[in-house]
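Biologist: I would like a close look at a single part of this model, followed outward to whatever it leads to. Please keep the account connected and plain.

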Amino acid sequence: MSERIIDERVRELLPPVRLVWQTLGNTQPENPEVLLNNTRTQPTMGAGDSCVLRRQGPGGAILLDYGQEIHGGIILVTGQSSTKMPVHMRIRFGESASEAMSDSQGTTPGRDHKNDHAIRDSIVRVPQLGMAELGPTGFRFVRIDMEEPDASIELRAAPAIAVYRDIEQVGSFACNNERLNRIWQIGARTVHLNMQTRLWDGIKRDRLVWIGDMHPETDVVSAVFGHQPLVEESLDLVRGDFPLPRWMNNISSYSLWWIIIQHDWYLHHGNRAYLEEQRDYLRGLLPLVIERIGQDGAEALNGFRFIDWPSCGDDEAVHQGLQGLMAMALRKGSFLCETLGEYRLAVLCQQALLRLQQSQPPTGVNKQAAALALLGHTAHSAQDVRECLLADGAHRLSTFYGYYVLEALAQLGCYDEALEVISTYWGGMLDLGATSFWEHFDLDWAENATRIDELPEPDKHDIHAEYGDHCYVGHRHSLCHGWAAGPTAWLSRHVLGVRPLEPGCRAIQVQPHLGELKWIEGTFPTPLGPVKVHHERAASGKIETRIEAPEGITVAL
């Protein structure tokens with residue numbers, strides 16, 4: 001008998017909340033409003049309200065909005081068809097209204113969407129007096145077309161099936177700035193949506209485990225949900241898929257990120273047994289990293305040299321970024337080796353780190369590379385990095401490495417500037433209708449652009465169809481990407497001000513940076529229970545803090 005596998009995820013039915021569009025004339029659907037706020041899944045033969053779709057020449061169609069980004073699919077609940085037979089219907093999912101209206105077989109460059117990772121455009125055979133499930137994918141909008149010639153069918157309901165892990169949100173964040181509150185929560189939800197069979201990159205496109213992309217996600221998981229075995233399962237999956245001497249995901253920097261994630265995960269959760277399982281792999285990986293340092297102290301990583309997509313093609317920026325990232329990994333790798341009693345390897349890491357710091361590439365204009373150099377202590381000049389990061393505010397960022405720009409700004413003491421970047425850049429996606437954070441975003445895209453929850457207007461830019469680069473061109477662009485959620489972790493760490501000092505959060509630091517905020521409160525998950533924090537600015541300007549920490553946790557103010 002085969003092993004019984006239980007899916008831990010739940011299925012929640014969500015109704016469409018808005019009819020965005022419908023065909024008119026002799027193909028106009030009858031009573032499409034009956035589908036709204038309707039989650040009925042039982043077909044019936046009796047009298048009842050139905051949306052009737054028909055095809056006379058061109059088919060009748062509707063575009064439904066489910067109100068928020070969803071991972072899952074839909075159920076079509078049908079009544080009778082005019083042919084008394086199953087009928088063909090076309091279903092198009094979209095993370096934007098524009099995507100749901102696009103053609104996967106289209107010929108307009110960048111505007112079509114190949115069905116990569118998940119099917120978003122298909123013609124299906126639907127029974128009469130029955131149900132048909134379609135998906136899963138990532139979506140908010142669904143277009144339904146009648147495709148059967150000279151036929152009609154009653155559509156009784158079309159609820160979405162939201163598939164997710166039913167886990168408690170232990171961490172929280174609230175302050176007197178509602179925009180920041182919403183950004184924190186949207187980041188938490190973006191990662192939650194990607195916590196599926198493993199910790200994915202995106203729920204529509206890139207339903208894979210990419211180790212480098214996971215680092216912002218694992219920081220968010222720690223700040224919001226606490227310990228989740230899914231993270232360890234994802235780390236181990238890639239470790240097994242790419243045995244040494246291969247780099248993880250065939251990208252050298254991603255093996256560095258694996259070391260960094262292992263350190264940060266252990267510091268927060270203190271799972272010594274899990275860390276012990278990484279001993280042999282660390283003993284093999286760290287020497288491979290050290291071998292890629294030249295005599296002059298410059299990193300010489302081979303394979304695909306990558307930090308983030310917007311930096312691709314800028315060899316100097318990639319080198320500066322990889323130099324800092326390698327230093328970060330070796331510093332944290334040394335800590336892990338000391339923890340495991342691998343003292344000889346810890347010393348080798350420290351010696352290699354000193355060599356790396358002898359080579360300090362100059363700071364150019366790439367913010368992501370400059371941030372990594374500062375965080376890795378390989379920056380030629382902290383002042384140069386500061387000037388680079390503060391130039392033109394929230395422009396020239398990426399949703400992935402923008403997280404490390406925020407971290408570098410915090411290290412420079414530029415907390416007010418970092419909060420402005422969060423509000424402008426990540427808030428800019430919300431202003432365009434986002435309910436989850438995107439694979440990439442450029443502030444310039446927002447100029448005269450249609451919101452993603454509206455049909456494109458002729459005199460405005462179609463932001464989802466027209467923009468993007470590299471692997472995220474046009475509608476292929478993911479509008480729910482876990483690597484974009486970094487501000488959630490950053491706000492908990494630097495504004496609420498809680499971060500672990502010892503493994504398992506046995507000691508934590510509470511150091512808030514309110515900027516112009518009047519008050520902030522929240523909770524922070526630890527293995528011993530949540531820490532509750534409240535900060536308030538008194539009339540004198542002094543910050544008054546109240547902390548409730550579980551027994552066994554030492555708090556440093």
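Which helices do the buried residues of α13 pack against?

Modeller: This is a predicted model, and what follows should be read on that footing. The buried residues of α13 pack against three helices: α2 (178-193), α12 (402-411) and α15 (486-495).

Helix α13 itself runs over residues 415-431 and has 17 residues. From first C-alpha to last, α13 reaches 23 Å, close to the 24 Å expected at 1.5 Å a residue. The helix is mostly covered, with twelve of its 17 residues buried. Those in the N-terminal part of the list are Tyr-415, Ala-418, Leu-419, Val-421, Ile-422 and Ser-423. The list goes on with Tyr-425, Trp-426, Gly-427, Gly-428, Met-429 and Leu-430. After the helix comes Gly-433, which has a positive phi, near 95 degrees.

Of the partners, take α15 to begin with. The axes of α13 and α15 come within 12 Å and cross at roughly 155 degrees. An angle over 145 degrees counts as roughly antiparallel, so α13 is roughly antiparallel to α15. The crossing of the two helices is left-handed. On the α13 side the contact is made by Tyr-415, Ala-418, Leu-419, Ile-422 and Trp-426. They meet Pro-487, Trp-490, Leu-491, His-494 and Val-495 in α15. By class, the residues of this contact are nine nonpolar and one polar, with no charged residue. The α13 residues named in this contact, Tyr-415, Ala-418, Leu-419, Ile-422 and Trp-426, also appear in the list of buried residues of α13.

The partner α12 has a contact of its own with α10, a helix of residues 367-375. Here the axes are 8 Å apart, and the helices pack at an angle of about 50 degrees. Because that angle falls outside the ranges for roughly parallel, perpendicular and antiparallel, α10 and α12 are oblique to each other. Helix α10 passes α12 in a left-handed crossing. From α10, the residues involved are Lys-367, Gln-368, Ala-371, Leu-372, Leu-374 and Leu-375. In α12 they meet Tyr-404, Val-405, Glu-407, Ala-408 and Gln-411. This contact divides into seven nonpolar, two polar and two charged residues.

Back at α15, the loop between α14 (463-466) and α15 holds His-481. With a relative accessible area of 0%, His-481 is buried, since buried means under 20%. Residues up to four places away in sequence are not counted among its contacts. His-481 touches Thr-190, Asn-194, Asp-201, Gly-202, Arg-205 and Asp-206, and further along the chain Phe-437, Trp-438 and Glu-439. One of these, Thr-190, falls within the range of α2 (178-193), a packing partner of α13.

His-470 is placed in the loop between α14 and α15 as well. Its phi is near 55 degrees, a positive value in a residue other than glycine. At a relative accessible area of 34%, His-470 is partly exposed, whereas His-481 is buried.

The α2 range also leads to strand β4 (residues 61-81), where Ile-70 is found. Ile-70 counts as buried because its relative accessibility is 1%. Leaving aside neighbours within four places in sequence, Ile-70 is in contact with Leu-193, among others; the range of α2 is 178-193. The other contacts of Ile-70 include Leu-14, Thr-137, Gly-138, Phe-139 and Ile-203. From Ile-70 to Gly-138 the separation is 68 residues in sequence and 5.7 Å in space, C-alpha to C-alpha.

Strand β7 (residues 131-146) contains Pro-136. The peptide bond from Gly-135 to Pro-136 is cis, with omega near 5 degrees. A cis peptide bond is also found from Leu-244 to Pro-245, with omega near 10 degrees. Pro-245 is in the loop between α4 (229-241) and α5.

Helix α5 offers a counterpart to α13. It covers residues 252-269, has 18 residues and reaches 26 Å from first C-alpha to last, close to the expected 26 Å. In α5, 18 of the 18 residues are buried, while in α13 twelve of 17 are. Just after α5, Gly-270 takes a positive phi of about 65 degrees, and α13 is followed by Gly-433 with a positive phi near 95 degrees.

Conventions
Residues are numbered from 1 along each chain as its sequence is written. This is a predicted model: local features need pLDDT of at least 70, side-chain atom pairs count only at pLDDT 80 or more; totals for chains, interfaces and linings use all residues. Side-chain values use heavy atoms; hydrogens and water are left out. Helices (H or I, at least four residues) and strands (E, at least two) are DSSP runs, numbered from the N terminus. The expected span of a helix is 1.5 Å times one less than its number of residues. Buried means under 20% relative accessible area, exposed over 50%, partly exposed in between (1.4 Å probe, protein chains only). Contact means heavy atoms within 4.5 Å. Axes are lines fitted to C-alpha atoms, for helices over the stretch in contact, and angles run from 0 to 180 degrees between N-to-C directions. Angles under 35 degrees count as roughly parallel, over 145 as roughly antiparallel, 65 to 115 as roughly perpendicular and the rest as oblique. A crossing is left-handed if the near helix is turned anticlockwise from the far one by less than a right angle, and right-handed if clockwise. Ala, Val, Leu, Ile, Met, Phe, Trp, Tyr, Cys and Pro count as nonpolar, Asp, Glu, Lys and Arg as charged, and the others, Gly among them, as polar.
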